[in-house]
Amino acid sequence: MRTAADLRATRKSAGWSQRQLAEKASVHVQTVKYWEAKSGSIKGWAVNRFWDAFTAENVKPVCDWDLPLHPSPPFFPRRRPKCGARNRKGEPCEARALPGKQRCKFHGGLSTGPKTDAGRNRIAEAQRKRWERWRLAKTP
């Protein structure tokens, strides 16, 4: 059974700081702090990465750590795809898509528009004023 105290003791027996363990395990230093502050048994992909870092450096754990319980995600997780919507220049948008979506925040329709009649009327009036300014600017 893995515990936070065992993780902390193993790290200290190796003479590593939290930052050094984070670098060797390819995680953020806050991840090390989080797992060392837990109470009771610990398990998860980050804990497996700590175990992998210890074994890679031939550090003997203070306790008998069992085999990894959760598969580790890849070291470089997939990035969100690019939006690809055509911008005003006719080129594909380079912004990253929103999580779980195919378009970015600019092309994904985050705004649901006005909900009330007063809001719809306000938007309609603003559009009329914009078109009027555009027409006046176009007239020679």
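Biologist: At what angle do helix H1 and helix H3 pack?

Modeller: This is a predicted model. H1 covers residues 4-14 and H3 covers residues 29-37. Their axes lie 7 Å apart, and the packing angle is about 125°.

Biologist: Is H1 roughly parallel or oblique to H3?

Modeller: Angles over 145 degrees count as roughly antiparallel, and 65 to 115 as roughly perpendicular. H1 and H3 pack at about 125°. That angle therefore makes H1 to H3 oblique.

Biologist: Which residues of H3 make the contact with H1?

Modeller: H1 brings Ala4, Leu7, Arg8 and Arg11. By class, this contact has 4 nonpolar, no polar and 3 charged residues. From H3 come Trp35, Glu36 and Ala37.

Biologist: Which helix gives the largest share of the largest nonpolar core?

Modeller: The core has 17 residues, and Leu7, Leu21, Trp35, Phe50 and Phe54 have the most contacts inside it. H1, H2 (18-25), H3 and H4 (45-56) each supply at least two core residues. The largest share is 5 residues, and it comes from H4.

Biologist: How is H2 placed against H4: roughly parallel or roughly perpendicular?

Modeller: Their axes are 8 Å apart, at an angle of about 95°. Angles of 65 to 115 degrees count as roughly perpendicular. So H2 is, relative to H4, roughly perpendicular.

Biologist: How many charged residues does the contact of H2 with H4 have?

Modeller: H2 offers Leu21, Lys24 and Ala25, while H4 offers Arg49, Phe50, Ala53 and Phe54. By class, 5 are nonpolar and none polar. The number of charged residues is 2.

Terms used: Residues are numbered from 1 along each chain as its sequence is written. This is a predicted model: local features need pLDDT of at least 70, side-chain atom pairs count only at pLDDT 80 or more; totals for chains, interfaces and linings use all residues. Side-chain values use heavy atoms; hydrogens and water are left out. Axes are lines fitted to C-alpha atoms, for helices over the stretch in contact, and angles run from 0 to 180 degrees between N-to-C directions. Helices (H or I, at least four residues) and strands (E, at least two) are DSSP runs, numbered from the N terminus. Angles under 35 degrees count as roughly parallel, over 145 as roughly antiparallel, 65 to 115 as roughly perpendicular and the rest as oblique. Contact means heavy atoms within 4.5 Å. Ala, Val, Leu, Ile, Met, Phe, Trp, Tyr, Cys and Pro count as nonpolar, Asp, Glu, Lys and Arg as charged, and the others, Gly among them, as polar. A nonpolar core is a set of buried Ala, Val, Leu, Ile, Met, Phe, Trp, Tyr and Cys residues joined through side-chain atoms within 4.5 Å. Buried means under 20% relative accessible area, exposed over 50%, partly exposed in between (1.4 Å probe, protein chains only).
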